[in-house]
Each structure stands twice: as structure tokens, then as C-alpha cells.
Amino acid sequence: MKLYALNMIQPVGDPPPPEVLDKVMAEIAEIRHDLQREESWVFGRGFHGPEASTMVRCRGDEVVATDGPWTEGKEHIGGITIIQVEDLDAALKVAARFCKATGLPMEVRPFQGEV
């Protein structure tokens, strides 16, 4: 089994209105339930917007923390789901379910090593 991060890519800005968001969240809950039943679910959670980010960098011997995201953009990683599945094909199928439920793109990224 391999671990994959499914990164949900969201546009910067306000979330959809409740009548849209409620339906999306119900579909996401169904996907999570299915993954838990299949013992593929590891972890998942949404992020605050990029404005809540803090960057920590080394500048010589000094460590500096600054407000803001690593990079400015029109999109950001809005949430992450970690799954444990057989292979990339299985991870892509899960990502496709999230895409269909949310209308948002998903980045599928494997973790190094085996579980």
C-alpha cells in the first residue's frame, strides 16, 4: 500500500454560497465515509486561506518568520486528504470523485517510501 496526498486546489476568494457549499460538503462526507469503510482514509482537513500562512526562512544564522503565503497566486491548496491505496491508479480514482463533487482540481502526490 502507498500513501498519497490529495491536495484540493481552490481559487482565492469567498467560498460558494451555502446552497452550493452544503451539497459539496455532503458529497465530500460521503467520499470520506466510503474511504473509511475501505480502510483507505488516513487524514483530511481543510486549510485556512493563504492569508493565514506564515513562512519561516533561514537568513544566515538568523531564522525569520514573515506573514503570508510562500507564493502569491490566484489559487491555493485549500485542503488535504491523505489516503492509503494500492497504487497511483487507485489514488487517481479517489481524486476523480473529489473533482466531480467539488468541481475543483486535485493534485495527487505520492509520499516517498512504502507503508
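The following dialogue explains how the terms used for this predicted model are applied to its residues and strands.

Student: What kind of model is this, and how are its residues numbered?
Tutor: It is a predicted model, in which local features need pLDDT of at least 70 and side-chain atom pairs count only at pLDDT 80 or more, while totals for chains, interfaces and linings use all residues. Residues are numbered from 1 along each chain as its sequence is written, and side-chain values use heavy atoms, with hydrogens and water left out.

Student: What makes a stretch of this protein a helix or a strand?
Tutor: Both are DSSP runs numbered from the N terminus: a helix is H or I over at least four residues, and a strand is E over at least two. By that rule the protein has 2 helices and 6 strands, and their order along the sequence is β-α-β-β-β-β-α-β.

Student: Why is Thr 81 called buried?
Tutor: Buried means under 20% relative accessible area, exposed means over 50%, and partly exposed lies in between, with a 1.4 Å probe and protein chains only. Thr 81, in strand β5, has 9% relative accessibility and therefore counts as buried.

Student: Why is Glu 30 called partly exposed?
Tutor: Glu 30 belongs to helix α1, residues 18–37. Its relative accessibility is 48%, so it counts as partly exposed. The C-alpha atom of Glu 30 is separated by 9.9 Å from that of Ala 101, although the two residues are 71 apart along the chain.

Student: How do you know that β5 is mostly covered?
Tutor: In β5, 8 of the 11 residues are buried. For the protein of 115 residues, the buried share is 30%.

Student: Which residues are in contact with Thr 81, once neighbours within four places in sequence are left aside?
Tutor: Contact means heavy atoms within 4.5 Å. Thr 81 is in contact with Tyr 4, Ala 5, Leu 6, Trp 41, Phe 43, Gly 44 and Phe 98. As for contacts in the protein between residues at least 6 apart in sequence, 76% join residues at least 24 apart.

Student: What makes two strands of this protein a pair?
Tutor: Two strands pair if DSSP finds at least two bridges between them. Strand β1 (residues 2–11) and strand β5 (residues 75–85) are joined by 10 bridges and run antiparallel, so they satisfy that rule. Within this pairing, Lys 2 has Val 85 as its bridge partner, Leu 3 stands opposite Gln 84, and Leu 6 stands opposite Thr 81.

Student: How many bridges join β1 to β6, and how many join β2 to β5?
Tutor: β1 and β6 are joined by 5 bridges and run antiparallel; here Ala 5 has Arg 109 as its bridge partner. β2 and β5 also pair in the antiparallel sense, over 5 bridges, and Trp 41 stands opposite Ile 83 of β5. Strands of a sheet pair through backbone hydrogen bonds, either parallel or antiparallel.

Student: In what order do the 4 strands of the open sheet stand?
Tutor: The order is β2-β5-β1-β6, with antiparallel pairing. β2 (41–46) and β6 (106–110) are at the edges because each has a single partner strand, so one side of each lacks a neighbour in the sheet. Neighbouring strands of this sheet are turned by 20 degrees against each other on average, direction ignored.

Student: Which strands does helix α2 lie across, and at what angle does the helix run to β1?
Tutor: Axes are lines fitted to C-alpha atoms, for helices over the stretch in contact, and angles run from 0 to 180 degrees between N-to-C directions. Helix α2 (residues 88–102) lies across β1, β5 and β6, and runs at about 25 degrees to β1.

Student: Why is Ser 40 called buried?
Tutor: Ser 40 lies in the loop between α1 and β2. Its relative accessibility is 7%, so Ser 40 counts as buried. Apart from neighbours within four places in sequence, Ser 40 is in contact with Leu 35, Ile 82, Ile 83, Gln 84 and Val 85. The C-alpha atoms of Ser 40 and Ile 83 are separated by 5.4 Å, with their positions 43 residues apart along the chain taken as the distance apart.
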